[in-house]
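Here are my notes for you, as promised. Keep the structure open beside you and look up each residue as you go.

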Amino acid sequence: MRLAEIDGKALLRRHGVAVPRGVLLRAGDGTPAEAAQWGGHVLKAQVLEGGRGKRGLVRRLANFDELAETRRRITAALGDPQAPLLLEEAVTIAREIYLAIRIDGTRQGLELLVAGEGGEEVETTKELVRIPLDGATTADTLYPELAKLFPRDLAARLARFAARLPDIARREDLELLEINPLAVTPQGRLVACDAKVICDDSAGFRHDPEDFPISRALEERAMTPLERTARDLGFQLVEIEGDIALVTSGAGLGMMMIDLLADNGMRAACFMDNLRGAPDETMAERLRVARIIAERPQIKAIVFLTVLSSRSLAERIEALLAWVEAQPLPKPLFVGIAAGHAATRKMSAEDAVAKLGAAGIAAFTDPIALVRAVAQAVGSRAHSS
Ligand code: GDP
Ligand code: MN
């Protein structure tokens with residue numbers, strides 16, 4: 001789960017990291033009296049996407065009297081007069097630094113990312129330095145790396161600051177903890193002016209489910225009704241603008257199929273994945289949702305891929321045929337099959353293809369052949385590369 005800035009900063013504050021003081025303004029809230037005394041003010045939209053600064057969703061007030069007008073401008077830019085906004089004391093920034101802790105998937109460990117210039121253009125910087133972290137990481141081991149990027153006294157303070165972050169990431173089960181900008185004030189203090197935090201949902205059971213209500217509400221609001229239905233049925237659905245109702249499980253297979261369809265001039269209308277890496281079988285639920293998507297006029301075909309290692313292919317094919325026979329399909333169905341040794345004891349993949357073929361369903365053991373057949377059926381042409 002991605003946390004809204006205000007929740008990310010609450011998490012940082014809990015661990016003793018300095019963040020600006022702030023107050024959440026909900027629709028209907030008046031001007032907060034306590035903020036009048038602050039040195040300056042920044043008003044920030046709380047949305048789950050980045051790049052707010054560039055979209056005019058982070059605004060510095062020249063004067064506290066501008067609050068109501070700035071509020072109107074941000075909520076108008078969001079197209080949502082009810083949107084909650086974060087009002088913060090403006091930090092005077094002498095230098096912006098980019099700092100992040102994330103999981104290096106290849107090494108299966110945490111790493112620190114640092115850039116000497118933080119702020120809105122950091123994605124385009126070439127100066128992003130990656131420092132691997134392990135149990136032996138301390139401020140002393142980080143200092144030599146940081147001293148290559150910063151003056152010595154700043155490097156020393158940053159090393160002490162950064163050395164505390166891996167422990168926060170581990171204790172809170174974070175996939176990403178990004179602070180951009182980390183402000184260096186004219187007095188040399190380090191203040192986290194923004195926080196992008198992604199929690200590992202698989203570890204959600206270790207944490208308070210009531211935590212981060214603002215992020216949860218924003219996430220809920222950003223979902224389509226069908227995405228909510230899917231979540232309640234036990235799998236993740238992301239709806240995309242497209243013409244193929246794609247039924248997969250596992251993120252890798254889903255991404256591969258979206259790319260293969262795109263290579264052949266088609267666009268998947270959805271992405272499906274298991275929730276929390278759940279081993280639960282949700283084929284029936286995923287097919288039910290795919291049928292709803294396939295009813296839409298722009299959808300040209302249903303593509304269903306099944307990958308079996310130990311579950312029985314014979315039972316899967318039976319269930320699929322029962323689903324097809326229960327109700328006429330709104331669009332033609334194409335099936336891809338990959339089945340390992342244990343799955344094919346009662347029925348081989350070739351027999352499954354033949355059995356589906358006899359029922360008038362095109363089936364394939366090669367995903368590329370599958371996608372080519374779909375392209376031909378829907379009259380799509382491959383992109384020349
Ligand atoms: P993002 O664009 O969604 O990443 O939003 P940020 O919270 O990072 O804000 C965008 C930019 O606004 C930052 O890179 C800063 O330059 C600036 N900014 C944010 N908070 C403050 C603040 O307290 N003081 C000052 N001077 N600038 C700020
Ligand atoms: Mn930022």
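How do the residues of the shell around ligand 1 divide into nonpolar, polar and charged? Start with that, then work through the points below.

1. The shell by class. The answer is seven nonpolar, five polar and six charged residues. Bear in mind as you read that this is a predicted model, and that the values here are computed from it.

2. Who comes nearest. There are 18 residues around ligand 1, and K44, R52, G53, V91 and E96 are the ones that come nearest. If you would rather think in elements, look at strands β3 (41–45), β4 (58–61) and β9 (174–184): each of them supplies at least two residues of the shell.

3. Polar contacts. Zoom in on E96, where a polar side-chain atom lies 2.5 Å from an oxygen atom of ligand 1. R52 also has a side-chain N or O atom facing an oxygen atom of the ligand, with 2.8 Å between the two. For R60, the partner is a nitrogen atom of ligand 1, and the distance to a side-chain N or O atom is 3.4 Å. As for cover, ligand 1 on its own has 560 Å² of accessible area, and the protein covers 84% of that.

4. The ligand's pocket. Which pocket does ligand 1 sit in? The second largest one, and its volume is about 790 Å³. Its lining counts 36 residues, with R52, E120, N180, P181 and D194 lying nearest the centre. The elements giving two or more residues to this lining are β1 (2–3), β3, β4, β5 (85–89), β6 (95–104) and β9. Sorted by class, the lining has 14 nonpolar, six polar and 16 charged residues. So R52 turns up twice in these notes: among the residues that come nearest ligand 1, and among those nearest the centre of the second largest pocket.

5. The largest pocket. This one holds about 1200 Å³ of space. Of the 37 residues that line it, M1, D201, E219, Q236 and L275 lie nearest its centre. Elements with two or more residues in the lining are α1 (5–14), β9, β11 (196–199), α5 (213–222), α6 (225–233), β12 (235–239) and β14 (270–274). The lining divides into 14 nonpolar, six polar and 17 charged residues.

6. Two backbone spots to check. Most peptide bonds are trans, and most residues other than glycine have a negative phi. Now look at N180 and P181, which are joined by a cis peptide bond with omega at about 5°. P181 has its place in strand β9, and both N180 and P181 are among the residues nearest the centre of the second largest pocket. The other spot is Q108, a residue other than glycine with a positive phi, near 55°. You will find Q108 in the loop between β6 and β7 (109–115).

Note on methods: Residues numbered from 1 in each chain as written. Chains lettered and ligands numbered in written order. Predicted model: local features only at pLDDT ≥ 70, side-chain atom pairs only at ≥ 80, totals over all residues. Heavy atoms only, no water. Near = heavy atom within 4 Å. Polar contact = N/O pair within 3.5 Å; in protein donor to acceptor, adjacent residues only side chain to side chain. Areas by Shrake-Rupley, 256 points an atom, 1.4 Å probe, with all protein chains shown as cover. 1 Å grid on protein atoms, 1.4 Å probe; cavity = no way out; pocket = protein on both sides within 12 Å on 5 of 7 lines; lining within 4 Å. Sits in = over half its atoms within 2 Å of the grid points. Helix = DSSP H or I, 4+ residues; strand = E, 2+ residues; numbered from the N terminus. Nonpolar A, V, L, I, M, F, W, Y, C, P; charged D, E, K, R; others polar. Points joined across faces, edges and corners; volume = space filled by probe spheres on them.
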